[in-house]
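Please open the model in a viewer and keep the sequence panel beside it. The tour below goes from one selection to the next and says what is there.

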Amino acid sequence: MKFTPDTPRSDLQVSDMDSVGTAETNLITPSDLHVAQVRIGTTCLRTPVLQLPRPAGAGSVWVKAESLQRTGSFKLRGVVNAVAALGEVGGARGVVTYSAGNHGRALAYAARRADIAATVVMPRTASPYKIDATRALGATVVLRAPDEIVPHAHHLADVRGLTVVPPFDDPHIIAGQGTVGLELLEQVDDIDTILVPVGGGGLIAGVAAAIKNQRPGARVVAVEPELAADLAEGFVTGKRTVWSRELTGRTIADGLRSAAVGELTWAHITALVDDVVTVSEEAIVSAMRWLAECGKLVVEPSGAVAAAAILEHTHRLGRGNIAAIATGGNIDLRDFAPLVTATPTPAV
């Protein structure tokens, strides 16, 4: 599915692009990316890139395995950079965030290494596996209704003097996530298209900044679930679009259920991203199986969304060399096994 200007609309809210400034305003710089790369170097892993079988009509296919990152996702990169930027004073009374799981787990890990307290406000609908993993790293986990997690995190920051570390709409977070793109360029030559899953947009904002600075001719393509396609609609209309939690909550990709991309990430996307495609729930699960069988990777649904675009949009992506980011692997194996065994092996 792809949104076009005449696509039927749901009960959506939109905010005009002008309300967040021009696309060229406040974008992260090569210097920001370099600083982030240095800051995260002793904590985050340089994750491998794997070559997978090529679907008919595609060039070489590569997968950047952020599912093998410490804490199981790319989120650690941005969090480590953001916590380092706080310095000794900024996080002295503790940090707080809101998260469906991976960002909160990453903050718990980074805060423990920095010897500061962390509180993570999570939706009651979050995966029990992700809740338990966040608590195991020493964070205080507070459960609220999905629509309440953001205001409650800011409430805790106000009453307790905590510093909010947001999950995506922050320049330090974006720069940290952008180190994925820097590594990818060092690991693979001649990439024509980079596929990046999108929830709040921090990863694609950072990766696009890294790619377009060093390889401006490469295409950066955002990938969303069809059931949480707020960016796909906004990219067509030119307006940052907000979907209700009831709509985005339908997708199996729990890490991509954000109601909208952030204002800062939207500015990066409108300036640097070439295209947005959406993928079906069936393609997401097929990609999980493909990555497991061919890449020996356990990848959660959110982490398989970029690979799903290779399976579902091969001809649209062209015959060039494609790299997809497998963003996370935080899924209970008791949930993973039934999903991948219930779907046929993709024909590639």
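Where is Lys296 found? Lys296 sits in the loop between helix 11 and helix 12, the latter covering residues 305-312. The model is a predicted one, and each stop on this tour should be read with that in mind.

**Stop 1: two loop residues with positive phi**

Stay on Lys296. Its phi is near 55 degrees, a positive value in a residue other than glycine. Lys296 counts as exposed, because its relative accessibility is 67% and the cut-off for exposed is over 50%.

Now select Asp190, in the loop between helix 6 and strand 8. Phi of Asp190 is near 60 degrees, again a positive value in a residue other than glycine. With a relative accessibility of 56%, Asp190 counts as exposed.

**Stop 2: Ser286 in helix 11**

Go back to helix 11, residues 281-295, and select Ser286 within it. Is Ser286 buried or exposed? Ser286 counts as buried, because its relative accessibility is 17% and buried means under 20%. Show the residues around Ser286: apart from those up to four places away in sequence, Ser286 touches Leu311, Thr343 and Pro346.

**Stop 3: helix 7**

Select residues 202-214, which form helix 7. Measure between the C-alpha atoms at its two ends: they are 19 Å apart. The 13 residues of this helix should span 18 Å at 1.5 Å a residue, so the two values agree.

How many of the 13 residues of helix 7 are buried? The count is 11, so the helix is largely enclosed by the rest of the structure. The buried residues run through Gly202, Leu203, Ile204, Ala205, Gly206, Val207, Ala208, Ala209, Ala210, Ile211 and Lys212.

To see what encloses helix 7, colour the elements that its buried residues pack against. The helices are helix 1 (30-40), helix 6 (171-187) and helix 10 (263-272). The strands are strand 8 (193-197), strand 9 (219-225) and strand 12 (322-326).

**Stop 4: the nonpolar cores**

Keep helix 7 on screen and add Ile194, Ile204, Val207 and Leu231. In the largest nonpolar core, which has 41 residues, these four touch the most other members. Elements giving two or more residues to this core include helix 1, helix 6, strand 8, strand 9 and helix 8 (230-237). Which helix gives the most to this core? Helix 7 does, with eight residues.

Centre the view on Val207. Leaving aside neighbours within four places in sequence, Val207 is in contact with Gln177, Gly178, Val180, Gly181, Ile194, Val196 and Ile325. Then select Val61, Met288, Leu291 and Ile331, which are among the members of a second, separate core of 33 residues.

**Stop 5: the largest pocket**

Turn on a surface and look for the largest pocket, with a volume of about 850 Å³. Which residues lie nearest its centre? Of the 47 residues in the lining, they are Ala100, Arg245, Gly255, Arg257 and Ser258. Helix 7 returns here: together with helix 3 (102-114), helix 5 (149-160) and helix 9 (245-248), it is among the elements that each supply at least two residues of the lining.

**Stop 6: Arg93**

Select Arg93, in the loop between helix 2 (75-90) and strand 4 (95-98). Arg93 counts as exposed, at 61% relative accessibility. Beyond its neighbours within four places in sequence, Arg93 is in contact with Arg160, Gly161 and Leu162. Its side chain reaches the backbone oxygen of Arg160 at 3.5 Å. Add Thr163 as well: Arg93 and Thr163 are 70 residues apart in sequence, but their C-alpha atoms are 7.7 Å apart in space.

**Stop 7: two more distances**

Select Ser31 in helix 1. Ser31 is partly exposed, with a relative accessible area of 46%. From C-alpha to C-alpha, Ser31 and Gly176 are 12 Å apart in space and 145 residues apart in sequence.

Last, select Ala229, in the loop between strand 9 and helix 8. Ala229 counts as buried, at 0% relative accessibility. Ala229 and Ala337 are 108 residues apart in sequence, and their C-alpha atoms are 27 Å apart.

Technical notes
Residues are numbered from 1 along each chain as its sequence is written. This is a predicted model: local features need pLDDT of at least 70, side-chain atom pairs count only at pLDDT 80 or more; totals for chains, interfaces and linings use all residues. Side-chain values use heavy atoms; hydrogens and water are left out. Helices (H or I, at least four residues) and strands (E, at least two) are DSSP runs, numbered from the N terminus. The expected span of a helix is 1.5 Å times one less than its number of residues. Buried means under 20% relative accessible area, exposed over 50%, partly exposed in between (1.4 Å probe, protein chains only). Contact means heavy atoms within 4.5 Å. A polar contact is a pair of N or O atoms within 3.5 Å; within protein, one must be able to donate a hydrogen and the other to accept it, and residues adjacent in sequence count only if both atoms are side-chain atoms. A nonpolar core is a set of buried Ala, Val, Leu, Ile, Met, Phe, Trp, Tyr and Cys residues joined through side-chain atoms within 4.5 Å. On a 1 Å grid over the protein atoms alone, a cavity is a set of points where a 1.4 Å probe fits but cannot get out, and a pocket is an open set with protein on both sides within 12 Å along at least five of seven lines; lining residues have an atom within 4 Å of a point. Grid points are joined across faces, edges and corners, and a volume is the space filled by probe spheres set on the points.
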